Amino acid sequence: MSLVDSAPASLELLDIAGRRIWSSDISSPSRGLREVSLESLPRTGLYFLRLTQGPRTTSTKSLHLRR
């Protein structure tokens, strides 16, 4: 996922049922790619990441395997 400009953005992590597990506001972003660590997730599962910046929303799946 990538930021398109320097406008404020938010990133959410949702479980398979659509419940928000984690969220973060990005108030002073810079354009380009960001890295987010999902190491603190409580269990193995399929999650969805949703990035919202202005009117633009992008989502992707993330499979977390707990070791």
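**Entry 1: Asp-15 and its loop**

I started with Asp-15, which lies in the loop between S2 and S3. I kept in mind that I am reading a predicted model. Is Asp-15 buried or exposed? Its relative accessibility is 6%, and buried means under 20%, so Asp-15 counts as buried.

Next I looked up what its side chain does. The side chain of Asp-15 reaches the backbone nitrogen of Ala-17, at 3.0 Å. Asp-15 also takes part in a salt bridge with Arg-19, where the closest N and O atoms are 2.7 Å apart. I checked the partner too: Arg-19 has a relative accessible area of 51%, so Arg-19 is exposed. I noted that this salt bridge pairs a buried Asp-15 with an exposed Arg-19.

Which residues does Asp-15 touch, once neighbours within four places in sequence are left aside? I found Ile-21, Leu-46, Tyr-47 and Phe-48.

**Entry 2: Ile-16, in the loop as well**

I moved on to Ile-16, which is found in the loop between strand S2 (9–14) and strand S3 (20–26). Ile-16 has 58% relative accessibility, and exposed means over 50%, so Ile-16 counts as exposed.

I then asked which residues make a nonpolar surface patch with Ile-16. They are Leu-46, Leu-63 and Leu-65, and the patch comes to about 420 Å².

**Entry 3: Glu-12 and its two arginines**

My next stop was Glu-12, placed in strand S2. Its relative accessible area is 12%, so Glu-12 is buried.

I looked for its contacts, leaving aside neighbours within four places in sequence. My list for Glu-12 reads Arg-20, Trp-22, Ser-23, Phe-48, Leu-49 and Arg-50. Two of these names came up again when I turned to salt bridges, so I took them one by one.

- Arg-20: this residue forms a salt bridge with Glu-12, and the closest N and O atoms are 3.1 Å apart. The two side chains also make a polar contact at 3.1 Å. Arg-20 is exposed because its relative accessible area is 56%.
- Arg-50: the side chains of Glu-12 and Arg-50 meet in a salt bridge, at 2.9 Å from N to O. This pair links distant parts of the chain, with Glu-12 in strand S2 and Arg-50 in strand S5. Arg-50 has 29% relative accessibility, so Arg-50 counts as partly exposed.

How far apart are Glu-12 and Arg-50 in sequence and in space? I read 38 residues along the sequence and 5.1 Å from C-alpha to C-alpha.

How many salt bridges does the structure hold? The count is three. I went back to the one between Arg-19 and Asp-15. Elsewhere, salt bridges that share partners join Glu-12, Arg-20 and Arg-50 into one network.

**Entry 4: The nonpolar core**

Here I began with a general idea: in soluble globular proteins, nonpolar side chains tend to be buried together. Then I looked up which residues make the largest nonpolar core. There are eight: Leu-3, Ala-9, Leu-11, Leu-13, Ile-26, Tyr-47, Leu-49 and Leu-51. The elements that give two or more residues to this core are S2 and strand S5 (45–53).

I recognised two names from my contact lists. Tyr-47 is in contact with Asp-15, and Leu-49 is in contact with Glu-12.

**Entry 5: Ser-2**

I also visited Ser-2, whose place is in strand S1 (residues 2–3). Its relative accessible area is 28%, so Ser-2 is partly exposed. Ser-2 and Leu-33 are 31 residues apart along the chain, and their C-alpha atoms are separated by 4.5 Å.

**Entry 6: The whole chain**

I finished by stepping back. What does the secondary structure of the protein chain come to? I noted zero helices and six strands. From the N terminus on, the order of elements is β-β-β-β-β-β.

Of the 67 residues in the protein chain, 28% are buried; Asp-15 and Glu-12 both count as buried. The protein chain exposes about 4900 Å², and carbon and sulfur atoms supply 49% of it.

My last look-up was about contacts between residues at least 6 apart in sequence: 54% of them join residues at least 24 apart. The link between Glu-12 and Arg-50 fits here, with its 38 residues of separation in sequence.

Technical notes:
Residues are numbered from 1 along each chain as its sequence is written. This is a predicted model: local features need pLDDT of at least 70, side-chain atom pairs count only at pLDDT 80 or more; totals for chains, interfaces and linings use all residues. Side-chain values use heavy atoms; hydrogens and water are left out. Patches are made of residues with over 30% relative accessible area and no salt bridge: like charges are joined within 9 Å, nonpolar side chains (Val, Leu, Ile, Met, Phe, Trp, Tyr) within 5 Å. Accessible areas come from the Shrake-Rupley method with a 1.4 Å probe; for residues, only the protein chains shown count as cover. A salt bridge is a side-chain nitrogen of Lys or Arg within 4 Å of a carboxyl oxygen of Asp or Glu. Helices (H or I, at least four residues) and strands (E, at least two) are DSSP runs, numbered from the N terminus. Buried means under 20% relative accessible area, exposed over 50%, partly exposed in between (1.4 Å probe, protein chains only). A nonpolar core is a set of buried Ala, Val, Leu, Ile, Met, Phe, Trp, Tyr and Cys residues joined through side-chain atoms within 4.5 Å. Contact means heavy atoms within 4.5 Å. A polar contact is a pair of N or O atoms within 3.5 Å; within protein, one must be able to donate a hydrogen and the other to accept it, and residues adjacent in sequence count only if both atoms are side-chain atoms.
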